[in-house]
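This report looks at internal cavities, salt bridges and a surface patch. The sequence and the model come first.

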Amino acid sequence: MLRIALASLCFYCFAGLFFQSSAQSTHLGITAHRGNSTQFPENTLPAFKSALSLGVDWVELDVYKTKDGKLVVLHDATTGRVGNQNLDVAQSTYDQLKKVDVATDFRKRTGKSIRECPPQTIPLLEDALKLFAAQSKTRVSIQPKTDCVAEAIALVRKNQMEKKVGFNDGNLAYMANVKKLAPAIPVFWDRPANTDIREDIRIAKEHGFESLVINEKGLTEEKINQLKIAGIEPGVWTVNERDDLIRFLDMGVARIYTDDPALLIDLKKVHQTVVCEGAYEVHLQGICTDQKSSIYWSWTTAIVRTDMQGKILASVAAPSHQGDLCYHNGKLYVAVNLGEFNKPAGEAKSWVYEYDALSLKKLNEYPVPELVHGAGGMEYNDGKFMIVGGLVPGINENYVYEYDEKFRFIRRHTVASGYTLMGIQTIAYANGTWWLGCYGKPAVTLRTDDTYRFQGQTVFDASLGIAPYSSTHLWIGSNVRLPGQGHVGRVRLVEIEKIAK
């Protein structure tokens with residue numbers, strides 16, 4: 001059975017077997033820290049407008065309260081670091097603060113002239129909110145630097161921005177107050193590098209926080225796994241170096257705070273890792289996507305649909321052994337063996353299960369008895385389903401079985417690969433090449449042309465999932481087993497050239 005540790009999810013459970021959620025991971029994504037603050041003065045309207053033009057998911061900004069009760073956007077309690085005057089925000093009126101040019105430090109650091117970087121005033125929070133209210137892509141994460149949560153939420157409501165904002169900070173009292181006053185607004189609890197992750201998870205679940213955002217020096221793959229099992233999204237602050245951004249993308253962190261959102265957007269095109277929410281008793285067998293917004297994961301005894309950030313949207317328990325899977329025309333197809341694998345002919349019970357791709361309701365079962373050693377994986381291409389499976393020792397070639405769209409057997413293709421341990425586990429078609437993932441020590445990936453003529457093999461493990469992404473990259477599945485908790489799965493983008501070497 002499937003074991004999932006979940007928090008802050010909108011799930012409906014039917015007899016413990018079926019789960020479905022319509023909620024997307026709308027609180028994840030590229031977060032422009034104080035706006036596009038590499039290119040413009042931080043926490044200014046030009047920095048926010050630039051971030052909007054880039055199409056970032058979130059803009060993070062900081063809020064203080066002035067002497068006359070205005071909420072202004074500034075990171076520090078005083079203006080001295082960024083401005084040409086040093087005023088204490090809490091002891092100054094907004095009219096006094098407006099006289100400070102908060103682009104002063106940015107011009108000094110970048111060598112820009114007044115013409116290239118005109119003077120900037122401290123924005124009001126309300127003016128910043130109005131900037132974001134006129135569009136639907138980018139949301140605002142408000143960081144209260146003082147006790148002003150109630151006033152900030154009042155401004156959010158006044159401007160009808162409840163669905164376009166979140167709150168972040170390390171102050172537990174402030175973040176708990178957000179959830180008390182506006183439970184539907186997401187909270188991203190900022191944590192230091194040396195944080196106690198288990199205690200933080202306990203507190204976050206108690207208060208209903210959606211994400212923990214950990215300092216870049218302290219976020220590890222182990223912490224990411226613990227957060228995903230708990231149903232809490234991992235985030236990281238604040239990452240600006242190229243190699244570090246790539247490292248966190250490859251670890252599967254979706255919420256990344258950065259001063260350089262343009263660089264992160266560029267890197268994310270080819271560096272992506274998605275971690276599946278939850279922990280599962282049996283290991284991953286295959287992955288596929290709908291090439292739009294969903295990833296499908298086969299967990300031997302469960303089929304899971306997530307969004308592109310790994311958030312579970314639907315899950316269904318299923319009999320062992322659910323294998324590799326493929327998507328076609330709004331349906332999901334899974335290679336299934338209810339008998340023995342890698343045994344002499346007659347001991348396997350090979351099937352294809354058909355599921356609705358949205359709800360994961362099972363629609364049909366199709367026998368595929370030609371896979372006499374057990375159906376293990378499948379792919380759809382050019383009007384045909386291709387199925388692969390187990391193999392007994394002593395057979396020094398592999399087979400790909402071809403079926404029409406009604407699963408009527410057409411022919412068996414021979415792959416002159418030599419023997420591979422337990423045959424072929426996964427299969428995908430991309431760029432005129434068939435990619436076949438196999439177990440082994442080491443695991444290998446086979447390649448054939450589109451007529452199944454063997455082209456070679458690479459020491460590369462695609463045995464737990466492989467799926468097309470683009471002309472240059474494939475999705476590759478993997479998992480790690482955490483003692484006492486289960487398996488946590490990942491898909492990552494890998495350059496085709498690396499697999500074909």
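A residue counts as buried when its relative accessible area is under 20%, as exposed when that area is over 50%, and as partly exposed in between, with a 1.4 Å probe and protein chains only. The model is predicted, and local features need pLDDT of at least 70, side-chain atom pairs count only at pLDDT 80 or more, and totals for chains, interfaces and linings use all residues. Residues are numbered from 1 along each chain as its sequence is written, and side-chain values use heavy atoms, with hydrogens and water left out.

By the rule that a side-chain nitrogen of Lys or Arg lies within 4 Å of a carboxyl oxygen of Asp or Glu, the count comes to 22 salt bridges. Among them are the pairs in the table.

| Salt bridge | Closest N and O atoms | Relative accessible areas |
|---|---|---|
| E151 and K65 | 2.7 Å | E151 30%, K65 28% |
| D200 and R191 | 3.1 Å | D200 3%, R191 14% |
| K362 and E365 | 2.5 Å | K362 37%, E365 37% |

E151 pairs with K65; because E151 belongs to helix 5 (residues 149-158) and K65 to strand 4 (residues 58-65), this contact ties together parts that are 86 residues apart in sequence. Here helices (H or I, at least four residues) and strands (E, at least two) are DSSP runs, numbered from the N terminus. E151 is partly exposed, as is K65, whereas D200 is buried and its partner R191 is buried too. Elsewhere, R34, E42, D62, D76 and R81 are linked in a network of salt bridges.

E42 also appears in the lining of the second largest cavity, together with residues including S37, F40, V102, D105 and R109. A cavity is a set of points on a 1 Å grid over the protein atoms alone where a 1.4 Å probe fits but cannot get out, and its lining residues have an atom within 4 Å of a point. Searching the whole structure gives 3 cavities of 30 Å³ or more, with about 70 Å³ in the largest and about 50 Å³ in the second largest. The lining of the largest cavity has 5 nonpolar, 5 polar and no charged residues, whereas that of the second largest divides into 6 nonpolar, 1 polar and 3 charged. Strand 22 (residues 398-403) gives the most to the lining of the largest cavity, with 3 residues.

Notes:
1 Å grid on protein atoms, 1.4 Å probe; cavity = no way out; pocket = protein on both sides within 12 Å on 5 of 7 lines; lining within 4 Å. Points joined across faces, edges and corners; volume = space filled by probe spheres on them. Nonpolar A, V, L, I, M, F, W, Y, C, P; charged D, E, K, R; others polar.
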